Amino acid sequence: MDIVQIAVIGIIGMILSLILKKENSGMSVIIGIVVGIIIFMGVLPKIEAVIQMLYKIVSKSEVDIKYIDVILKIIGISYISQFASQVCSDAGEGAIASKIEFAGKVIIIVISAPVLMGLIEMILNLMP
Amino acid sequence: MDITVVFQIAAVGILVAVLNQVLIRAGREELAMMTTLAGLVVVLFWIIQYISTLFETVQTLFQLS
Amino acid sequence: MILKILGGVFIMISSCVLGVYYSFKTEYRINDLFEMKKALTMLISEIEFNLSPLAEAMGNISFKAGIPVSKIFSEFSKKLGSDGNSAFEVWKSVLKKEAVYTYFASEDIEAFISFGQSLGFLDRQQQHNNIKMAISYIENKIPELLEKSKSNKKMCRSLGVFGGAAVMVILF
């Protein structure tokens, strides 16, 4: 799916959602969600290709692969939490949106904890 | 995963809104509220599958377990 | 693909027809009630001025009244001669049988049955009052139904059209 198709789908979805916003605001939120999902699914193969390329580069270098895993997970968590939080704030529920973002941040810290521990251990080992 | 789903949702939304107005003008407000809810339930039924596909895909893509 | 469209068109047409049918039902009910009122008024004049017995009066009216109501009265006058039951029983059974051909609602039939309870029993003055009561019930019902039908008609028609469209979109 190239960029023109994605742009067109987005604009059509925006117009439809705008038409429905006054009459049936629940439906307009749902259209926003669905258009977002469709666009993401359209970009999916390209994301997969990029990730594969990243893996190849990393395996050629000497960085431990689990670090790349952690980075990828952080990207995924941040994407999902941003998607949900933006849908909520578009629908006017700013409080729920900020709670979702906060939860995402906490989970990112939890996931990156082992990396931090590894870093601190390495520093402690360096010191006499 | 193509755009006809969006058109279906928009069509259902517009129809439900029009039916809502007609029923309210005719005085049958409970029926109007019920059709709105019914339309919402039908559309949610379509959406839940989409959202679950999205989250599964993101999970496998970024290896989030 | 074209089969889908054909099926969708069928659904739309059938639900439109359903909506239109429901919108006409109330109108036909008002018409039938009006006919019944005319027949009952004629009954009063038959009993008062012609002094005819019940079966003959009903027979006379059945020639002058409109279609569904005339059948009720003609059946009644036939059965009154042949059956041995009381007038009330015959009236009730004829009403129940012919009610499917009319557009009366169940509460109309109830009112007519309760009117029939005094048939053939009381003296002329009481009969007169009883028939007057049934006529006044109809007269009260008709304006109320006219009000309802005005808003009902449009609602049923658009309900039929949009309901059909909604079903078609959902099953698309």
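Here are four short exercises, with worked solutions, on a predicted model of chains A, B and C.

**Exercise 1. The interface of chain B and chain A**

Task: Work out how much area is buried between chain B and chain A, and which elements of chain B touch chain A.

Solution:
- Start with the contacts: 30 residues of chain B meet 30 residues of chain A.
- Next, take the area. The size of an interface is often given as the accessible area lost when the parts come together. For chain B and chain A, that comes to about 2700 Å², with carbon and sulfur atoms giving 88%.
- Now ask who pays for it on the chain B side. L54(B), L61(B) and F62(B) supply 22% of the area that chain B buries against chain A, more than any other three residues.
- Check for charge pairing and polar contacts. You'll find 0 salt bridges across this interface, and 0 residue pairs in polar contact, counting pairs with both residues at pLDDT 80 or more.
- Then place the touching residues in helices. Helix 1 and helix 2 (29-61) of chain B each supply at least two of them, and helix 2 gives the most, with 14 residues.
- Finish with the chemistry: the side of chain B that touches chain A splits into 22 nonpolar, 7 polar and 1 charged.

**Exercise 2. The interface of chain C and chain B**

Task: Describe what chain C brings to its interface with chain B, in area and in residue types.

Solution:
- Count the contacts: 10 residues of chain C touch 12 residues of chain B.
- Look up the area. Chain C and chain B bury about 1000 Å² between them, and 87% of that is on carbon and sulfur atoms.
- Pick out the big contributors. M155(C), F162(C) and V169(C) lose the most area to chain B in chain C, and together they make up 50% of what that side buries.
- Sort the residue types: the side of chain C that touches chain B has 8 nonpolar, 2 polar and no charged residues.
- Tally the specific pairs. There are 0 salt bridges between chain C and chain B, but the rule does find 1 residue pair in polar contact (both at pLDDT 80 or more).
- Zoom in on Q8(B), which sits in helix 1 (residues 4-25) of chain B. Leaving out residues up to four places away in sequence, Q8(B) touches W46(B), V169(C), I170(C) and F172(C). Its relative accessibility is 15%, so Q8(B) counts as buried.

**Exercise 3. A ring pair in chain A**

Task: Decide how the rings of F40(A) and Y79(A) are arranged, and where the two residues sit.

Solution:
- Begin with the overall tally: 4 aromatic pairs over all chains.
- Check the geometry. The ring centres of F40(A) and Y79(A) are 4.9 Å apart and the planes are at 20°; the cut-off for stacked is under 30 degrees, so this pair is stacked.
- Locate the partners. F40(A) is in helix 2 (residues 25-60) and Y79(A) in helix 3 (residues 65-90) of chain A, 39 residues apart, which makes this a link between distant parts of the chain.
- Compare exposure: F40(A), at 7% relative accessibility, is buried, while Y79(A), at 24%, is partly exposed.
- Widen the view: ring pairs join F40(A), Y79(A) and F83(A) into a cluster.

**Exercise 4. The make-up of chain C**

Task: Summarise the secondary structure and burial of chain C.

Solution:
- Count the elements: chain C has 6 helices and 0 strands. Along the sequence, that reads α-α-α-α-α-α.
- Add burial: 42% of the 172 residues in chain C are buried.
- Finally, check the contact range. Among contacts in chain C with a separation of 6 or more, 66% are between residues 24 or more positions apart.

Conventions. Residues are numbered from 1 along each chain as its sequence is written. Chains are lettered from A and ligands numbered from 1 in the order in which they are written. This is a predicted model: local features need pLDDT of at least 70, side-chain atom pairs count only at pLDDT 80 or more; totals for chains, interfaces and linings use all residues. Side-chain values use heavy atoms; hydrogens and water are left out. Contact means heavy atoms within 4.5 Å. Buried area is the accessible area (1.4 Å probe) that two parts lose on being put together, summed over both. A salt bridge is a side-chain nitrogen of Lys or Arg within 4 Å of a carboxyl oxygen of Asp or Glu. A polar contact is a pair of N or O atoms within 3.5 Å; within protein, one must be able to donate a hydrogen and the other to accept it, and residues adjacent in sequence count only if both atoms are side-chain atoms. Ala, Val, Leu, Ile, Met, Phe, Trp, Tyr, Cys and Pro count as nonpolar, Asp, Glu, Lys and Arg as charged, and the others, Gly among them, as polar. Helices (H or I, at least four residues) and strands (E, at least two) are DSSP runs, numbered from the N terminus. Buried means under 20% relative accessible area, exposed over 50%, partly exposed in between (1.4 Å probe, protein chains only). Rings of Phe, Tyr and Trp (its six-membered ring) pair if their centres lie within 6.5 Å; planes under 30 degrees apart count as stacked, over 60 as edge-to-face and the rest as tilted.
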